[in-house]
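Here is a short guided tour for anyone meeting a protein model for the first time. Take a moment to turn the picture around before reading on.

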Amino acid sequence: MIDTHTHIYSKEFAADRDAVVARARRAGLSAIVLPNEDDTSLEALASMCDEYAGYCFPLYGLHPTELTADYRGQLERIFAFAEQRADAKGVGEIGLDLYWDKTKAAEQAEVFAWQIDYAIAHNLPMSIHCRNAYELLFQVFEQFSAAALRGSLHCFSGSAADAQRIVTDYPNMVLGVNGTVTYKNSELPATYQDVPLQRIVLETDAPYLSPVPLRGKRNEPSFVPFVAQRLAEIYGLPVSEVEKITDQNARRVFGI
Ligand SMILES: [Zn+2]
């Protein structure tokens with residue numbers, strides 16, 4: 001299994017980061033993908049990828065809720081850092097978030113499109129955050145060649161129609177599934193019935209969104225098997241098959 005989206009470089013894991021990684025290995029995770037947040041999280045992210053080289057892989061990008069007034073400067077610092085490191089496995093976490101604040105939609109869309117441009121120019125995949133903004137997401141996507149867009153719609157939370165549009169129109173995009181699929185009132189199990197397993201990757205979004213039965217606790221990569229188990233029920237497949245196919249998907253999309 002591969003956790004394709006987790007923030008275990010963050011301060012929530014300062015006290016026990018090594019133990020978290022050890023538990024991930026014991027739980028059967030073969031790789032962990034770490035998306036950046038803003039220009040202040042770069043050092044912690046990169047130092048974790050150095051410490052666990054070959055196991056933790058970095059994505060560099062600017063998260064839509066972390067934009068400051070100087071978002072151009074933030075982006076310049078993030079891209080300069082990525083170019084100096086030359087170890088990026090993708091661009092992330094990038095995207096749109098209109099859940100708390102709709103006033104920044106234009107700035108978010110601009111910064112998102114710049115980062116998509118960067119990803120395409122560098123032939124890198126993306127980890128995309130999209131919350132309450134699927135209409136705008138598709139407007140931004142339409143500025144680009146559909147086949148050039150490669151990556152994961154992390155923590156997919158759109159409608160069944162949004163999922164179908166991704167599957168049909170964007171052949172190199174996959175949907176990231178995490179603990180939310182295990183929640184009692186989730187509509188995601190119904191949505192995924194019409195999504196081929198070849199278009200799905202596993203993730204946590206740790207420290208957030210722990211799966212049932214650990215909901216409410218701090219999330220971590222070793223909880224990914226609960227997500228795989230729920231997908232096995234949804235797809236009517238052995239969990240080993242879900243692990244195998246989602247691993248192939250993650251390796252294909254993120255080049256790991
Ligand atoms: Zn995230």
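The report below looks at a sheet, a helix, a metal site and the nonpolar cores. Please keep in mind that this is a predicted model.

**The sheet**

Let us begin with the strands. An open sheet is built from 3 strands in the order β1-β2-β3, and their pairing is parallel. Strands β1 and β3 sit at the edges, each pairing on one side only. Here are the three strands with their residue ranges.

| Strand | Residues |
|---|---|
| β1 | 2-3 |
| β2 | 31-35 |
| β3 | 56-59 |

Strands β1 and β2 run parallel and are joined by 2 bridges. If you want to find one of these places on screen, look for Ile2, whose bridge partner in β2 is Ala31.

**A helix with a buried face**

Next comes helix α1, which spans residues 17-26 and has Val20, Val21 and Ala24 buried. Viewed down the axis of α1, the buried residues fall within an arc of 95°, so they line one face of the helix. What do the buried residues of α1 pack against? They pack against strand β2 and against helix α2, which covers residues 42-51. Just after α1 you will meet Gly28, which takes a positive phi of about 100°.

**The zinc site**

Now for the metal. Which residues coordinate the zinc ion? They are His5 and His7, each through NE2, together with Glu93 through OE and Asp205 through OD, at 2.1 to 2.6 Å. Along the sequence, these donor residues follow the spacing H-x1-H-x85-E-x111-D. Both His5 and His7 are buried. Why is the arrangement irregular? The 4 donor atoms subtend angles of 88 to 173° around the zinc ion, and this makes the arrangement irregular. To count as tetrahedral, four donors would need all angles between 85 and 135 degrees.

**The nonpolar cores**

Finally, look at the inside of the protein. The largest nonpolar core has 78 residues, and Phe141, Leu153 and Tyr192 touch the most other members. Helix α4, residues 105-121, gives this core its largest share, with 8 residues. Leu153 is a good one to click on: leaving aside neighbours within four places in sequence, its contacts include Ile128, Tyr134, Leu137, Ile166 and Met173. Apart from the largest core lies another core of 11 residues, among them Val33, Phe57, Ala250 and Phe254.

Conventions
Residues numbered from 1 in each chain as written. Predicted model: local features only at pLDDT ≥ 70, side-chain atom pairs only at ≥ 80, totals over all residues. Heavy atoms only, no water. Pairing = 2+ DSSP bridges. Helix = DSSP H or I, 4+ residues; strand = E, 2+ residues; numbered from the N terminus. Buried < 20%, exposed > 50% of the residue type's maximum accessible area, 1.4 Å probe, protein only. Arc of directions from axis to C-beta. Contact = heavy atoms within 4.5 Å. Donors = N, O, S within 2.8 Å, 3.2 Å for Na, K, Ca; no water. Tetrahedral: all angles 85-135°; square planar, octahedral: opposite > 155°, others 65-115°. Core = buried A, V, L, I, M, F, W, Y, C linked by side-chain atoms within 4.5 Å.
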